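Hi,

Here is the structure I promised to pass on. Have a look at it first, and then read my notes below.

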Amino acid sequence: MASGQFTREEALLCQGCRHGCHVMLYADTKSRLWGRTPIRHIILMQMRYDGLLGFPGGLVDPKKETLEEGLSRELLEEVGVALPIYEEDHVVANYAPASCSKSLLMAHFYVKKLEEEQIREVERAAASTAADHGQEVLGMVRVPIHTMRTGAGLSYFLSHTFIGNARSQLVHTLLRLNMVTPEELHKALTHSLKEHTRTAEDLKATLTMIETKRDQY
Ligand code: APR
Ligand code: MG
């Protein structure tokens, strides 16, 4: 595999690594936004307890369970359905950035295709029966992969803040599964960067406003 990328087997050889397993669940759909813009794919991510966007999943101890059993267990906690995950669903493993963990963390990424009705069932369970709802998981979100005339859509979604490798896992998967073209992605990321600059200015202005009004609160 490319440098910095590991297969499932290579990653499991890592001495002293902890292992985290996360999965992108998705389904094809014929539905359209406002009856016009094709949605094409329903892709699930989640708003995490730390305010970051990420994929469902979590820490797995390979001495106690297989990576896939552990990921299924995490899915039961986080989305309320113990979806079976197989070795074939494993896409890649990378070291997680140091900001994610004090010790060395191997981040395994899986992709699993479901039927549209199964995805809807996951969304319902995640908001009702999932043990982690409102705690570690604040809500599931769908990824808008369309780009509107104004540039809105995927670009704004990508300008949010993501946990670990989640943003690059998302964009690589969008390309690998031909969900967006390289040109669309390039345009969206360019727009995201511009939006990021505007957001930084907005944050600075908000901070200044709060500092000047500190005595009033
Ligand atoms: N890429 C790389 N690393 C990731 C990704 C990703 N896409 N998603 C999560 N991580 C990291 C997290 O930063 C964390 O260190 O993997 C580790 C496990 O992921 P979580 O989903 O956060 O773990 P989970 O088992 O669901 O939660 C367990 O983690 O932070 C603690 O106290 C918190 O109880 C919680 C515990
Ligand atoms: Mg988790």
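How many salt bridges does the structure hold? There are 15 salt bridges in it. Before I go through some of them, please keep in mind that this is a predicted model.

**Salt bridges**

Let's start with Lys113 and Asp28, whose side chains meet in a salt bridge at 2.9 Å, N to O. Lys113 lies in strand β8 (residues 105-113) and Asp28 in strand β1 (residues 18-28), so this pair ties together parts of the chain that are 85 residues apart in sequence. Lys113 is partly exposed, at 48% relative accessibility, and Asp28 is partly exposed too, with a relative accessible area of 36%.

Then there is a salt bridge within a helix. Glu116 pairs with Arg120, and their closest N and O atoms are 2.7 Å apart. The two residues are four residues apart in helix α3, which means that about one helical turn separates them. Both ends can be reached to some degree: Glu116 is partly exposed with a relative accessible area of 23%, and Arg120 is partly exposed with 30%.

Towards the start of the numbering, Glu9 forms a salt bridge with Arg8, with 3.7 Å between the closest N and O atoms. Here the partners fall into separate classes: Glu9 counts as partly exposed at 46% relative accessibility, whereas Arg8 counts as buried at 11%. The pair also belongs to a network of salt bridges that links Arg8, Glu9, Glu68 and Glu87.

**Cysteines**

A search of the whole structure turns up one disulfide. It is formed by Cys14 and Cys17, with their sulfur atoms 2.0 Å apart. The torsion about the S-S bond of Cys14 and Cys17 is about 65°, so the disulfide is right-handed. Cys14 and Cys17 are both buried.

What about Cys21? Cys21 is in no disulfide, and the nearest cysteine sulfur, that of Cys17, is 12 Å away. Cys21 is buried, with a relative accessible area of 0%.

Why is Cys100 without a bond to Cys17? The closest cysteine sulfur to that of Cys100 is the one in Cys17, and at 13 Å this is too far for a bond. Unlike the buried Cys21, Cys100 is partly exposed, with a relative accessible area of 29%. If you have thiol work in mind, these are the values to look at for the two.

**The magnesium ion**

Which residues coordinate the magnesium ion (ligand 2)? They are Gly57, through O, and Glu78, through OE, at 2.2 Å. Gly57 sits in strand β6 (residues 57-60) and Glu78 in helix α2 (residues 67-79), so the pair ties together parts that are 21 residues apart in sequence. Are these two buried or exposed? Gly57 is buried, with a relative accessible area of 6%, and Glu78 is buried as well, with 4%.

**What the record says**

An unreviewed UniProt entry places the feature "domain: Nudix hydrolase" at residues 16-167. In the model, the end C-alpha atoms of residues 16-167 lie 26 Å apart. That span is 20% helix and 33% strand.

**On the surface**

Met209, Ile210 and Tyr217 form a nonpolar patch on the surface, and together they have about 330 Å² of accessible area. Tyr217 is placed in the segment after α6 (182-212). Tyr217 is exposed, with a relative accessible area of 68%.

Gln135 is another exposed residue, at 56% relative accessibility. You will find Gln135 in the loop between α3 (116-126) and β9 (137-142). How far is Gln135 from Arg40? Their C-alpha atoms are separated by 31 Å, and the two residues are 95 residues apart along the chain.

That's what I have for now.

Cheers

How values were computed. Residues numbered from 1 in each chain as written. Chains lettered and ligands numbered in written order. Predicted model: local features only at pLDDT ≥ 70, side-chain atom pairs only at ≥ 80, totals over all residues. Heavy atoms only, no water. Patch = residues over 30% accessible without salt bridge, like charges linked within 9 Å, V, L, I, M, F, W, Y side chains within 5 Å. Areas by Shrake-Rupley, 256 points an atom, 1.4 Å probe, with all protein chains shown as cover. Salt bridge = Lys/Arg side-chain N within 4 Å of Asp/Glu carboxyl O. Buried < 20%, exposed > 50% of the residue type's maximum accessible area, 1.4 Å probe, protein only. UniProt positions renumbered as here; feature names shortened; annotations may be inferred. Donors = N, O, S within 2.8 Å, 3.2 Å for Na, K, Ca; no water. Disulfide = S-S within 2.5 Å.
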